[in-house]
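Thanks, everyone, for making the time this morning. I would like to walk through one structure with you, beginning with a pocket and then turning to some helices and loops.

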Amino acid sequence: MSKKKQPLSGQKTPIRSTATAGSKLTGRPPVSGAPQPPSASASEPIAVHPIQWIWALLIATVAFALYANTFNHGLALDDIAAITQNLFVQRGIEGIPDLLKTEFWHFSNISLGYYRPLALITFALEKEFFNADPHISHIINGIIYGLTGFFLVVLLQKWMPGRTVLTTLIALLFVTHPLHTEVVANIKSRDEMLSFLFLTLVMLTYWKYLETRDKGWVAFSAFWMYLTYLSKESSLVGLGLIVIMQYTFARRTFWQSLISIWPYLVVTAVFFWQKKAMIGTLNGNPPVDWANYPYALENTKFLTTFKFFAQYLRLLIFPLHLSYDYSYNVIPSGKLSDWETLLGLFTFGGLVWLAWKGFWQRSLWGFGLTWMFITMTPGLGFVLFRGGILAERFLYAPILGFAIAVIAGLDLVLSKRLDLSENKPVLKRYGILIGFCLVIGSLFSFRTVVRNEDWKDNFTLFNSGLDYASNSCQVNRHVANEWINKCAEEKDPKKKRYYFNKAIFHLRRSTEIYPGFGEAFFSIAYSYQKLIPNRDSAVYYYKQAIRASSNYAPAYNNLGVIYQNEGRYHLASYFYNMSMMVNPAYQDGRNNWEGLRKQLGIDVKILPDSLKQEAVLPVAPTPTAVPRLRFPVQ
C-alpha cells in the first residue's frame, strides 16, 4: 500500500483509503496475494475522511418511510408480554428501578438469563408519557430505524472514503431487506434495533478516536458499548467487529487491533457483573420445551446448526417465504441423510474459507463475509448450545455483512469483466451495479411494505404464519387463540359455533404436531369452559395441560375456578395454591386464593386422602413424528 505525506498536526498520516489508492477496499485482491503491512503505526492518527451528509439523509428517509404503514398498527406477538403484561413497565417511571433488577421475561415465569433493561425502560417511559400508545411506539421504532440508516452511511463513508456509490448501495440493501420487518414492525424487538444502533455508534466514535487520538472518544465509545449491552447481551460480538474494522479499514496490524479493545473488555466485565448482581444468573434456566427447544431434546443440535445455516442463506438471498414463527416442527432436525443439512455443512465450510482468505487480504468482500459470520454467531449458537429454533431477527446484523460481500463481489466481477477503471464517469463505471441494486432494492421495498401489513395485529400475523409454517405447533395454537377471542365476542350462535370449531381444529392440529403441548391443551379446556360450556371436557383438558406442562399456572387457576363454582372449596384452594407455587408472579391465582381465604378462611396446600384422586400427576407425552410440509404450504 503506497503512502503519501499529508500535514496534520506535524505528523505523518496514512493515505486515505480511496479506490485509486487502495484497491483492496474495492474488493480487488492484492497483486502479491498476501496481506500488505499497515500504513501507519498504532500511535499515529489516520486521515480524516469527509462525510457526504445528503446520502445519509436519503437512506434515513428511505428507512423511515418503509415502515410508515406500521404506524397505525397495534400490539402483536411478544409486545403484549413485554409491555402490557409487564407490571413494572405499566408503572411507568416508577417501575424503572425494578426493570433494572429483573430478567426480560420475568412476568412470563421463565428464566432464559436475558438481561435487557434498556428496551423495557423505553416502554416504561412511553407508558408514563403516552399511556403506552402502540402507534407512538411504532413511530419511535421507525425513528430508531431511520437513525440506524443515517449513522450506518456515515460509518461506511468513514471506512470507504471516495466510494460514495458503494456505501450508499450497501446501506440501501440493508435498510430495504424484508427480513427486518420482524424487528422494526414488532415493538418488542426494539432491543435488537437499539443494540445495532449503539454498536454503530461504538465504531463511529472509536473511528473518531483513530482520527484525532483524543482518548475522550474512547470513553465515549465505551459508553455506547455499555448501552449496547443493556440492549442485548449478544452485542458481545461487537468486540470482534471492532477488531476487524481496524484491521481492514484503519490498516492496523491484527495484534494492534486486538489489544486496542481492552477498554471494551472492561465494560464487558462491568456489564456481566451487573447482570449477575441484578438477576442472579448469567445463563438462566431454559425450559425443557419441545416447541422452542426441540433440537436439544432430540440431541441433534450440531447437525441442525448447519441446516439452519442453509436456511439463513435462503432467507438472505430469497426473502419470500417468511414466517413470524419457526417452532416445532417447521424445520425438522438435521441429519446426514438430509440434503439441506449437507448443503449447509459444505456451504458453511466453503464460505468460512473464503472469509478467512479475504479477511487477511483486507478485501472488502472478505470483511463482509467475516462480519456476516461474526454476527450470525448468536443465531447459530442458539441452536448449537441451547437447541433453540430459527428466528428471522437473528439476521438483523448479518444482513449488513451479506450486503457488503455481495456489492463488493459484484463490483469486482464487473470491473474485471468490463475493464472498468475508477477514471471512467460514475454512470459508466457503476451503471450496471446501480441498476441491479435499484431493482433489488425496489423488490425488497415492495416485499417489506407488504410484509408490514402482516404485523397489523395478532389475528393477521398468526394467520399469515399458516402460509409457510402450518407445521408449527405454535402457529396453530396462536391462530386458534385468535378464533377463541372472536368466539368470545360473538353473539350470533351460528357464527359463535363456527369460530369455536375453527379454534378446536387448530388446537387439535397443534397437539397432533406436539402431543406434549400443555398450552394447546389449556386453550382447548378454556374453550369448553367459557365458549361452548362442557364441564367434563374442560376439567379433562386442564388436567391434560398440567400433565404436559406441570408449571403452567393458568391451568391450575382455572381448575380452581371450576371447583369453586361447584362449591368444592378445598379443591379450589388447593389448585390456587398450586398456581402460585409454580409461578409466584401469577397474579390471577394469588387474587383468587386470597379472596377464598378471606371469605371462608380456607387455605389448602395438601389435599386430604378423600380428595387425592382429583390431584394431577404430571407425565408429559413424547412428540410423535409429523409429515414434513415444505414451503410453501397453503
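Before the pocket itself, one definition: a pocket here is an open set of points on a 1 Å grid over the protein atoms alone, with protein on both sides within 12 Å along at least five of seven lines, and a lining residue is one that has an atom within 4 Å of a point. Please also keep in mind that what you see is a predicted model.

With that in place, the second largest pocket has a volume of about 600 Å³, and its lining is made up of 27 residues, with L316, I317, F402, V406 and F436 lying nearest the centre. Two or more lining residues are contributed by each of the helices α15 (301–317), α16 (339–360), α17 (364–386), α18 (398–417) and α19 (426–452). Which of these gives the largest share of the lining? That is α18, with seven residues. As for chemical character, the lining residues of this pocket divide into 24 nonpolar, two polar and one charged.

Let me stay with α17 for a moment, since it is one of the helices that line this pocket. Its 23 residues, at 1.5 Å a residue, should span 33 Å, and because the end C-alpha atoms are 33 Å apart, the expected and computed values agree. There is, however, a kink of about 45° at T377, shortly before the proline P378. The helix α17 is mostly covered, with 18 of its 23 residues buried, and just after α17 comes G387, which takes a positive phi of about 75°.

In helix α16 we find L343, which is partly exposed, its relative accessible area being 43%. Although L343 and A310 are 33 residues apart along the chain, their C-alpha atoms are separated by 6.6 Å.

The loops around these helices hold several backbone features that I would want to look at. In the loop between α16 and α17 sits R362, which has a positive phi of about 60° although it is not a glycine. Is R362 buried or exposed? With a relative accessible area of 2%, R362 is buried, because that value is under the 20% cut-off. N299, in the loop between α14 (294–297) and α15, likewise has a positive phi, near 55°, in a residue other than glycine, but N299 is exposed, with a relative accessible area of 66%. Then, in the loop between α15 and α16, we have N329, and the peptide bond from Y328 to N329 is cis, with omega near 15°.

Moving on to α23, which covers residues 518–531, its 14 residues should span 20 Å at 1.5 Å a residue, and the end C-alpha atoms are 19 Å apart, which agrees. This helix, α23, is also mostly covered, with 11 of its 14 residues buried, among them F521, F522, I524 and Y528. The buried residues of α23 pack against α21 (473–489), α22 (493–513), α24 (535–548) and α25 (553–565).

Finally, a word on Q246, which lies in helix α11, residues 238–249, and is buried, with a relative accessible area of 0%. Setting aside neighbours within four places in sequence, Q246 is in contact with Y206, L210, R251, R252, S257 and S260. By contrast, Q246 and L120, 126 residues apart in sequence, are 33 Å apart in space, C-alpha to C-alpha.

Note on methods:
Residues are numbered from 1 along each chain as its sequence is written. This is a predicted model: local features need pLDDT of at least 70, side-chain atom pairs count only at pLDDT 80 or more; totals for chains, interfaces and linings use all residues. Side-chain values use heavy atoms; hydrogens and water are left out. On a 1 Å grid over the protein atoms alone, a cavity is a set of points where a 1.4 Å probe fits but cannot get out, and a pocket is an open set with protein on both sides within 12 Å along at least five of seven lines; lining residues have an atom within 4 Å of a point. Grid points are joined across faces, edges and corners, and a volume is the space filled by probe spheres set on the points. Helices (H or I, at least four residues) and strands (E, at least two) are DSSP runs, numbered from the N terminus. Ala, Val, Leu, Ile, Met, Phe, Trp, Tyr, Cys and Pro count as nonpolar, Asp, Glu, Lys and Arg as charged, and the others, Gly among them, as polar. Buried means under 20% relative accessible area, exposed over 50%, partly exposed in between (1.4 Å probe, protein chains only). Contact means heavy atoms within 4.5 Å. The expected span of a helix is 1.5 Å times one less than its number of residues. The bend at a residue is the angle between axes fitted to the seven residues ending there and the seven starting there.
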